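Colleague: I've got the model open and would like to go through a few local features with you. Shall we take them one by one?

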Amino acid sequence: MEKHTTADRSNDKSLIKTPYKKIAVVVLDIYLDKTLDYGIKDEHISFAAPGMRISAPIRGKLQTGYILEIKDHSPFDNLQAINSFQSEQIYLTQELFELALWMSRYYASPLSLIFKTILPSVIASKTTFKQQLFVIRKKTKDEIIEYCLLNREKSPIQVAILEEMLKVKKGILLTELLEKAKSSRSSVDALVKKGLLEVDIVRIDRSPLINEEYFKTKPKVLNSQQAEALQKINVSLEKKEFAVHLLYGITGSGKTEVYLQAIEKALKSNLRVIMLVPEIALTSQTIERFKSRFDDYISILHHRLSDGERFDEWHKILNSDAKIVIGARSAIFSPIKDLGLIIVDEEHESSYKQSESMPCYHARDIAVMRGKLSQCAVILGSATPSLESYHHALSGKYILSKLSARAEKSQLPKVTIVDMAKEREKQGYTNYSQTLLDGIKTRLEKGEKTILFLNRRGYHTTLFCPTCQEGINCKHCDTTLTFHFHDQKLSCHLCGYTIIPPKVCPKCHNETMKYKGVGTEQIERSLHAIFPEVRTLRMDADTTRHKGSHQKILKDFGTGKADVLIGTQMIAKGLHFPDVTLVGVLNTDTQLNIPDFKASETVFQIITQVAGRAGRGILSGEVIIQTFLPENNVLQLAAKQDFEGFFEEEIEIRRLFSYSPFTNLVKIAFVGDDEKKTLENATNFHDNLKKQLTEHYLLLPVLPAGHAKVKDQYRFQFFLKGKSIYEINHAINEVKKKLKIPCKILVDINPLSTYF
Ligand code: ADP
Ligand code: ZN
């Protein structure tokens, strides 16, 4: 485990006198599992504080890092001193420090890595506020006019500049002035010297949405279930005490309205708010609802912010200019002060989990921990809570509130399951059942809208050889290539590798290659073949590559530019289009078949969420689920939107096979260029770990990961189960220290999948 009190060169020497009055305990930005002591020079003593960014010498070089703590003595002699301070800004508040210490222990990651996660890299780097030069008049207009008259012949360029300056009210950006007057900086400088103009440095705000205006909306009168939920939350807010509220409310039941009124209450008590939403829900629809309710500055953090925008937003939060922060996963690390409320919307969402790099944290768990450290209220909201959260709510650890009816008098949609095997008997190969086609046709006639969901992008999911039964795989990854009609190429969804589809089988040279598997692109094209008049929009990773494209698709759909929206799970979340009356779920069978303990939960959630897009207005909605597994229990329960029924069945399976929430699961993955060596490393680690842990821990064997090779990197992993994360991590760290394994190791605490 990481030491974070003092460097461990020797602990027996007691308090040696150093030439420094104060000593800083420092965590450098490099991968080093200990802290170091440095002296603070006299000139820095007056302002040095924990949380500041510094640079300090190590092995003859300067390295940046943070001050963790300041103390009077160090057990070490001949300390080196901190070289410089990045600024006098405290980058990590006390509370974030405590959170970081906990994360380091819980997620088995060195503090330097945790700090990198907590602080956006643009803040830790040398970026500064955007500054621009602004030119203003130093003399009255009359004086300037007079100067122009006298100097028109002699210095026409200076006069041109002054004439531009007469047109502006307060002043003008230097760059703009030079462009307008077609002149150079030296002419402006000459006028500054003569005392006619002045050039000032101004700070430019790069915040997104700063110029947008929103219609104001008023709080709605809550129904009794909403009022009850809010009242319980208000109790926590008033007492300023830590409590986790699970707001379990069906889609469209008015959870967001409860959040809005809870935020209002927090703001009235001068408390600040963090609200997490899945990245994909950070659309104008969500933002608009919040901006139109509050006058206070709301900071929106999403991954498409430019570095400059991120820098400005972060400082606004730190300086308490922002009262509400809305953002995806990493917004939980916002340096907001006086935190009173944390909301995690769609708390079951997998995008809250970081899985591909350490620390493999879950933002929902961090939210609960941060709430505890700040003594504030936490709301977890969902129509399909994670089994973990619902279990905690039933056991009394969380406070449960239910919203069981739709808020706007609309009914939950009627759901039909269609057996695709029977459809194929009737009409041969088809993507669409007759029921779904009839449904779409009726909607087209009535001018209502349809959403079609399919969790595969591309045209065909595989190109394969019927003779040797082999699919065309990626050269760099253990996965088949997907055919994309638009570029007429096969592409790898893991690494982006593309090739022109081969006409003959590369293995057996057979000349009749076959395509199979359906993606969103094919669904769109085949729909046009059936309904030539239909107007469609498609939303998946291919159509949303560019900044703003996601927003544009939703806007076009909302304003009636299409009849049918086709998409991957991107369309499942939070969309509110009252005139969508039909949702078609085209195929979730492959997902159901993944050998993974969370597969059922994921499919249940996704169907319930997609189905929830239907009939959100006064018109009633209908959902059609197409499947080859019509008897499947998960589909049946999802069709009935019976979360509680699903929970009861699934929680028993979890209990029986000992999965979360009944035990902790840890995945340790080994990633390396050499297949054999990576496997050896994994096995070696596994065997050593076994010796470290008592028999209370179950260690499963080393296996290749679900994708055994990604980007030419081989991947082996094993799982272990047991009660105490801290004990497991301690053992892992001991083995890490002892073996110094030369490949990348990823420790994932409670991973979202036992397969990938
Ligand atoms: P959820 O977040 O649970 O999906 P929303 O908060 O989006 O639900 O609510 C669905 C719709 O119902 C929205 O249009 C919202 O404005 C409306 N709504 C919510 N609460 C009320 C209420 N108490 N009275 C009237 N309309 C409401
Ligand atoms: Zn690949």
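Modeller: Sure, let's begin at N750, which sits in the segment after β32 (744-749); strands here are DSSP E runs of at least two residues and helices H or I runs of at least four, numbered from the N terminus. Keep in mind that this is a predicted model, where local features need pLDDT of at least 70, side-chain atom pairs count only at pLDDT 80 or more, and totals for chains, interfaces and linings use all residues. Residues are numbered from 1 along each chain as its sequence is written, chains are lettered from A and ligands numbered from 1 in the order in which they are written, and side-chain values use heavy atoms, with hydrogens and water left out.

Colleague: What is the phi of N750?

Modeller: Most residues other than glycine have a negative phi, and most peptide bonds are trans. N750 isn't a glycine, yet its phi is positive, about 45 degrees. N750 counts as partly exposed because its relative accessible area is 21%; buried means under 20%, exposed over 50%, and partly exposed in between, with a 1.4 Å probe and protein chains only.

Colleague: And N270, where is that?

Modeller: In the loop between α10 (255-268) and β10 (272-276). N270 is another non-glycine with a positive phi, about 65 degrees, and at 55% relative accessibility N270 counts as exposed.

Colleague: Which peptide bond leading into P359 or P661 is cis?

Modeller: Both: M358 to P359 has omega near -5 degrees, and S660 to P661 has omega near 10 degrees. P359 is in the loop between β13 (339-345) and α13 (363-374), while P661 is in the loop between α22 and β28 (664-672).

Colleague: How do I read the two sides of a helix? Which residues of α18 are buried?

Modeller: In α18 (residues 549-558), the buried ones are S549, H550, I553, L554, D556 and F557. They are on the same side of α18 because they cover an arc of only 160 degrees around the axis, taken from the directions from the helix axis to the C-beta atoms. The face turned away carries the exposed K552 and K555. After α18 comes G560, with a positive phi near 80 degrees.

Colleague: What about sheets: which strand order does the open five-stranded one have?

Modeller: Strands pair if DSSP finds at least two bridges between them. The order is β2-β1-β4-β3-β5, with antiparallel pairing. β2 (36-40) and β5 (84-85) stand at the edges with a single partner strand each, so one side of each has no neighbour in the sheet. Five bridges join β1 (residues 22-28) to β2, and I23 has G39 as its bridge partner in β2.
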